[in-house]
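Good morning, and thank you for coming. I would ask you to keep the structure in view while I walk through it.

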Amino acid sequence: MMTQATTAMAPPPRLNAKAREQLAEVDEILNARPDLAHTLTANPKQKRLLASNARIIFYVGPNKMGKSTAQVLKAIKIGIQEPGSIIWLCSETFDTSRGTQQRVFSELCPPQFVAHGVYKPQSGYHDKTVVWHNGTEFHFMSYDAGFEVAQGAQKVRFIGLDEEP
């Protein structure tokens, strides 16, 4: 049921009017995608993930339980609530990132937010980056890139690790 996912995206009262408007746009997109209803039904654990402000969150479970979708929704929510954030969405390889995280992100990200970044199913995001008009940057990274790419992590607001490294 879509209303559960919509409830998870409800803005806290401290957000400014622009951020509340952007979250409402995300809700519209979620509600307009009945084909994704089965993945957007937030179960109790997904709701806790979306609502959590904890510095470190471990969210584990079996395959096809919505972990990747919840992670992308969390990243989108942070990108709206904290303009200019740097967000890393990491996966085992770029191929798995393209097939899961990037695909889900492209389905859920409001296109009007995007200043830079074009998704193609065959190749993912061209330079593995999406930049929003509000300055938020989403970087799709892979564990097989090595530790060198982790330099500068102290500036990153959210790191989502999908699948085991």
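I begin with a single pair of residues: the bridge partner of Val-131 in strand E6 is Glu-137. Please note that what we have here is a predicted model.

That bridge belongs to the pairing between strand E5, residues 129-132, and E6, which is antiparallel and extends over three bridges. The two strands form a hairpin with four residues between them. Within the turn, Gly-135 has a positive phi of about 95 degrees.

Let us stay with Glu-137 for a moment. Glu-137 in E6 is also the bridge partner of Ile-86, a residue of strand E1, which covers residues 86-91. How do E1 and E6 pair, and over how many bridges? E6 comprises residues 137-142, and its pairing with E1 is parallel, over six bridges. Along the two strands, Trp-88 has His-139 in E6 as its bridge partner, and Ser-91 has Ser-142 in E6.

For those new to the subject, I add one general remark. Strands of a sheet pair through backbone hydrogen bonds, either parallel or antiparallel.

Are these two strands mostly covered or mostly open? In E1, five of the six residues are buried, so to speak of a mostly covered strand is fair, given that buried means under 20% relative accessible area. E6 is likewise mostly covered, with five of its six residues buried.

E1 has a further neighbour. Strand E7, residues 158-161, runs parallel to E1, and four bridges join the two. One of the bridge pairs is Cys-90 with Leu-161 in E7.

We can now assemble the sheet. Five strands make up an open sheet, in the order E2-E5-E6-E1-E7, and the pairing is mixed. At the edges are strand E2, residues 114-116, and E7, each of which pairs on one side only. On average, and ignoring direction, neighbouring strands of this sheet are turned by 25 degrees against each other. Helix H5 packs on the sheet, where H5 touches E1, E5, E6 and E7. The direction of H5 makes about 170 degrees with that of E7.

Before leaving the sheet, I should like to point out one loop residue. Ala-145 lies in the loop between E6 and E7. Ala-145 is partly exposed, with a relative accessible area of 38%. In sequence, Ala-145 and Glu-92 are 53 residues apart, yet their C-alpha atoms are 9.3 Å apart in space.

I turn now to the helices. Two packed helices are described by the angle between their axes and the distance between the axes. What are these values for H5 and helix H6? H5, residues 67-81, and H6, residues 94-108, pack at an angle of about 55 degrees, and their axes are 9 Å apart. That angle makes H5 oblique to H6. H5 passes H6 in a right-handed crossing. The residues that meet include Val-72, Leu-73 and Ile-76 in H5, and Val-104, Phe-105 and Leu-108 in H6.

H5 also packs against helix H4. Here the angle is about 25 degrees, and the axes are 9 Å apart. Angles under 35 degrees count as roughly parallel, and H4 and H5 are therefore roughly parallel to each other. This crossing, of H4 past H5, is right-handed. On the H4 side, Gln-46, Leu-49, Leu-50 and Ala-51 take part, and they meet Ala-70, Gln-71, Leu-73, Lys-74 and Lys-77 in H5.

Which residues of H4 are buried? In this helix, residues 44-51, they are Gln-46, Leu-49 and Leu-50. These residues lie on the same side of H4, because they cover an arc of only 95 degrees around the axis. The face turned away from that buried side carries the exposed residues Pro-44, Lys-45, Arg-48 and Ala-51. A general rule is useful here: an α-helix has 3.6 residues a turn, so residues three or four places apart point the same way.

Finally, let us step back to the whole chain. There are six helices and seven strands. Read from the N terminus, the elements run α-α-α-α-α-β-α-β-β-β-β-β-β. The chain has 165 residues, of which 42% count as buried. Of the contacts between residues at least 6 apart in sequence, 62% join residues at least 24 apart. Ile-86 and Glu-137, the bridge partners mentioned earlier, bring us back to E1 and E6 in the sheet. Thank you for your attention.

Conventions:
Residues are numbered from 1 along each chain as its sequence is written. This is a predicted model: local features need pLDDT of at least 70, side-chain atom pairs count only at pLDDT 80 or more; totals for chains, interfaces and linings use all residues. Side-chain values use heavy atoms; hydrogens and water are left out. Buried means under 20% relative accessible area, exposed over 50%, partly exposed in between (1.4 Å probe, protein chains only). The arc is that of the directions from the helix axis to the C-beta atoms. Two strands pair if DSSP finds at least two bridges between them. Axes are lines fitted to C-alpha atoms, for helices over the stretch in contact, and angles run from 0 to 180 degrees between N-to-C directions. Angles under 35 degrees count as roughly parallel, over 145 as roughly antiparallel, 65 to 115 as roughly perpendicular and the rest as oblique. A crossing is left-handed if the near helix is turned anticlockwise from the far one by less than a right angle, and right-handed if clockwise. Contact means heavy atoms within 4.5 Å.
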